[in-house]
Amino acid sequence: VSARIFGRTIDAAAEVRLVRAGFPDVVGTQASADGSVLSATFDLRGVATGLWSVRVENPDASVATLPDAFTVVAGAASQLVFVTQPSDGTAGVALPTQPVVEVRDALGNPVTTDPNGAATETVTVAFKAGTNGEGATLSGTLTVNINWATGRATYTNLSVNLVGNYQLTASTNLGAFTADSSAFNITVACGGVPDAAYVAANAQAGQAIVYWTSANPVLILRK
């Protein structure tokens with residue numbers, strides 16, 4: 001975006017930047033400066049929305065700052081991004097790391113303004129098509145309201161009941177755009193010591209024995 005900054009004694013080599021506590025500065029590319037007007041462009045891709053101060057510094061280190069003079073507003077919601085991926089986990093147990101999905105505009109900026117007012121906007125997750133050959137069930141709260149303070153939908157209790165490798169697809173009632181998670185693996189918890197007699201009697205090529213105790217094997221999984 002282009003901007004013009006008006007002032008006095010603006011040097012032709014002055015540097016202009018947007019500054020905000022807790023965020024990296026956004027340095028402008030100067031187009032021109034003639035002592036009273038400085039023209040510059042800013043690349044706002046991925047920049048946090050909200051108020052930014054404008055800071056102009058001359059080569060002699062003299063500085064002028066205009067507090068909260070520049071407002072960054074996200075564009076329309078057009079994409080979803082898994083900012084936290086689901087982790088590997090144990091069958092039937094909530095994933096140790098639950099996914100977080102963020103709403104972004106076309107330039108990758110988080111959208112933190114409710115675009116529909118009183119309407120409730122949500123994100124829903126499901127197994128990605130073609131990645132659930134085991135016929136597993138994804139349990140938990142699959143549809144979560146978007147928190148517009150952050151532009152994110154945060155999951156807390158997702159679990160998968162069967163061993164396997166999976167991916168999730170997130171969709172939203174904001175539009176026909178989706179996002180796929182990274183792959184994650186579900187295994188079973190097991191303990192005890194292998195029962196040599198059971199293994200000798202039951203193990204076959206291409207199989208692995210999963211057991212709870214040496215006296216009570218409970219499951220055989222094919223690799």
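Me: Where in the chain is Thr113 found?

Reply: In this predicted model, Thr113 is found in the loop between strand E10 (100-104) and E11.

Me: Is Thr113 buried or exposed?

Reply: The general idea is to compare the relative accessible area with a cut-off, and exposed means over 50%. Thr113 has 55% relative accessibility, so this residue counts as exposed. Its C-alpha atom is separated by 8.7 Å from that of Val73, although the two residues are 40 residues apart along the chain.

Me: Asn109 also has its place in the loop between E10 and E11. Is Asn109 buried or exposed?

Reply: Here the other cut-off applies, since buried means under 20% relative accessible area. Asn109 is buried because its relative accessible area is 6%. Leaving aside residues up to four places away in sequence, Asn109 touches Leu44, Arg45, Gly46, Val47, Ala74, Val103 and Arg104. The loop between E10 and E11 thus offers both cases for study: Thr113 is exposed, whereas Asn109 is buried.

Me: How should one read the environment of a charged residue, for example Arg17? Which side chains make polar contacts with the side chain of Arg17?

Reply: One begins with the location, then turns to accessibility and to partners. Arg17 is found in strand E2 (residues 15-19). Its relative accessibility is 18%, and Arg17 therefore counts as buried. The side chain of Arg17 makes a polar contact of 2.7 Å with the side chain of Glu15. A polar contact of 2.9 Å joins the side chain of Arg17 to that of Asp25.

Me: Which residues does Arg17 touch, not counting residues up to four places away in sequence?

Reply: With those neighbours set aside, Arg17 touches Asp25, Val26, Val27, Gly28, Phe42, Ser53, Val54 and Arg55. Asp25 appears in this list and also takes part in the polar contact of 2.9 Å.

Me: What is the corresponding picture for Phe177?

Reply: Phe177 has its place in strand E18 (residues 175-180). With a relative accessible area of 14%, Phe177 is buried. Ala77 lies 100 residues from Phe177 along the chain, and their C-alpha atoms are separated by 9.4 Å. Ala77 is also one of the residues that Phe177 touches; beyond four places in sequence, the others are Ser78, Gln79, Leu80, Ala170, Ser171 and Thr172.

Me: How is strand pairing to be read, and which strands pair with E11?

Reply: One looks for the partner strand, the sense of the pairing and the number of bridges. Strand E11 (residues 122-127) pairs with strand E13 (residues 143-145) in the antiparallel sense over three bridges. In this pairing, Thr124 stands opposite Thr143 in E13. E11 is also joined to strand E17 (residues 168-172) by five bridges, and these two strands run antiparallel. Here Val123 stands opposite Thr172 in E17.

Me: Is there a general rule for the side chains of a strand?

Reply: In a regular strand, side chains alternate between the two faces of the sheet.

Me: Backbone angles may also be examined. What is the phi of Thr9?

Reply: Phi of Thr9 is near 50 degrees, a positive value in a residue other than glycine. Thr9 is found in strand E1, and it counts as exposed because its relative accessibility is 67%. Asp68 also has a phi near 50 degrees, again positive in a residue other than glycine. Asp68 lies in strand E7. With a relative accessible area of 47%, Asp68 is partly exposed.

Me: How is a pocket described, and what is the volume of the largest pocket?

Reply: A pocket is described by its volume and by the residues of its lining. The largest pocket has a volume of about 330 Å³. It is lined by 19 residues, and those closest to its centre are Ile5, Phe6, Ile10, Val56 and Ala64.

Me: Which strands supply at least two residues of the lining, and what classes of residue does the lining have?

Reply: Strand E1 (2-10), strand E6 (50-57) and strand E7 (63-72) each supply at least two residues. E1 gives the largest share, eight residues. By class, the lining has 12 nonpolar, five polar and two charged residues.

Me: Finally, how many helices and strands does the whole chain have?

Reply: The protein chain has one helix and 21 strands. Of its 223 residues, 35% are buried. Among contacts with a separation of 6 or more, 55% are between residues 24 or more positions apart.

Key:
Residues are numbered from 1 along each chain as its sequence is written. This is a predicted model: local features need pLDDT of at least 70, side-chain atom pairs count only at pLDDT 80 or more; totals for chains, interfaces and linings use all residues. Side-chain values use heavy atoms; hydrogens and water are left out. Helices (H or I, at least four residues) and strands (E, at least two) are DSSP runs, numbered from the N terminus. Buried means under 20% relative accessible area, exposed over 50%, partly exposed in between (1.4 Å probe, protein chains only). A polar contact is a pair of N or O atoms within 3.5 Å; within protein, one must be able to donate a hydrogen and the other to accept it, and residues adjacent in sequence count only if both atoms are side-chain atoms. Contact means heavy atoms within 4.5 Å. On a 1 Å grid over the protein atoms alone, a cavity is a set of points where a 1.4 Å probe fits but cannot get out, and a pocket is an open set with protein on both sides within 12 Å along at least five of seven lines; lining residues have an atom within 4 Å of a point. Grid points are joined across faces, edges and corners, and a volume is the space filled by probe spheres set on the points. Ala, Val, Leu, Ile, Met, Phe, Trp, Tyr, Cys and Pro count as nonpolar, Asp, Glu, Lys and Arg as charged, and the others, Gly among them, as polar. Two strands pair if DSSP finds at least two bridges between them.
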